[in-house]
Amino acid sequence: MPDWRILAAITALGIASYAMRAGGFIAAGAFRGDSLVSRFLCLAPGNLFVAFVAAGCLDGGWPSLIGCASASVTIAATKREWAALAAGFASAAFAAALVAG
């Protein structure tokens with residue numbers, strides 16, 4: 001039987017997560033659809049994703065940069081996420097093998 005404190009912590013985190021999500025939807029609903037803040041909020045998820053990916057690519061060195069570039073070219077050419085993932089992982093692994101010697 002799980003410890004009641006673990007279940008309480010999971011429940012509290014779930015409630016907090018739901019409250020934050022609901023609060024965000026309520027706050028976003030208060031803005032007009034054509035306002036600058038509304039347009040920024042629509043772009044924010046993409047901007048955050050690019051920021052996280054860029055940090056990871058730069059932290060991984062040349063193999064990561066080559067893998068990201070390969071994935072970007074593949075997704076632009078094929079419009080298929082799985083093809084881009086496969087190309088990115090394969091080229092990053094190949095570049096890492098070359099760098100490792």
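This report describes a disulfide and the helix packing around it in a predicted model.

## The disulfide

The model contains one disulfide. The bond links cysteine 57 with cysteine 68, and the two sulfur atoms are 2.2 Å apart, which places the pair inside the 2.5 Å limit for such a link. Rotation about the S-S bond is -70 degrees, and the link between cysteine 57 and cysteine 68 is accordingly left-handed.

Cysteine 57 belongs to helix 2 (residues 36-59), whereas cysteine 68 belongs to helix 3 (residues 62-78); the disulfide therefore ties together parts that are 11 residues apart in sequence.

## Accessibility of the two cysteines

The two partners fall into separate accessibility classes: cysteine 57 is buried, with a relative accessibility of 9%, while cysteine 68 is partly exposed, at 26%. The value for cysteine 57 lies under the 20% cut-off for burial, and the value for cysteine 68 lies between the 20% and 50% cut-offs.

## Packing of helix 2 and helix 3

Two packed helices are described by the angle between their axes and by the distance between those axes. For helix 2 and helix 3, the angle is about 135 degrees and the axes are 6 Å apart. The two helices are therefore oblique to each other, because an angle must be over 145 degrees to count as roughly antiparallel.

Helix 2 contributes Gly56, Cys57 and Leu58 to the contact, and helix 3 contributes Ser64, Leu65 and Cys68. By residue class, this contact of helix 2 with helix 3 comprises four nonpolar and two polar residues, with no charged residue. Both cysteines of the disulfide are thus among the residues that form the contact.

Notes:
Residues are numbered from 1 along each chain as its sequence is written. This is a predicted model: local features need pLDDT of at least 70, side-chain atom pairs count only at pLDDT 80 or more; totals for chains, interfaces and linings use all residues. Side-chain values use heavy atoms; hydrogens and water are left out. Helices (H or I, at least four residues) and strands (E, at least two) are DSSP runs, numbered from the N terminus. Buried means under 20% relative accessible area, exposed over 50%, partly exposed in between (1.4 Å probe, protein chains only). Axes are lines fitted to C-alpha atoms, for helices over the stretch in contact, and angles run from 0 to 180 degrees between N-to-C directions. Angles under 35 degrees count as roughly parallel, over 145 as roughly antiparallel, 65 to 115 as roughly perpendicular and the rest as oblique. Contact means heavy atoms within 4.5 Å. Ala, Val, Leu, Ile, Met, Phe, Trp, Tyr, Cys and Pro count as nonpolar, Asp, Glu, Lys and Arg as charged, and the others, Gly among them, as polar.
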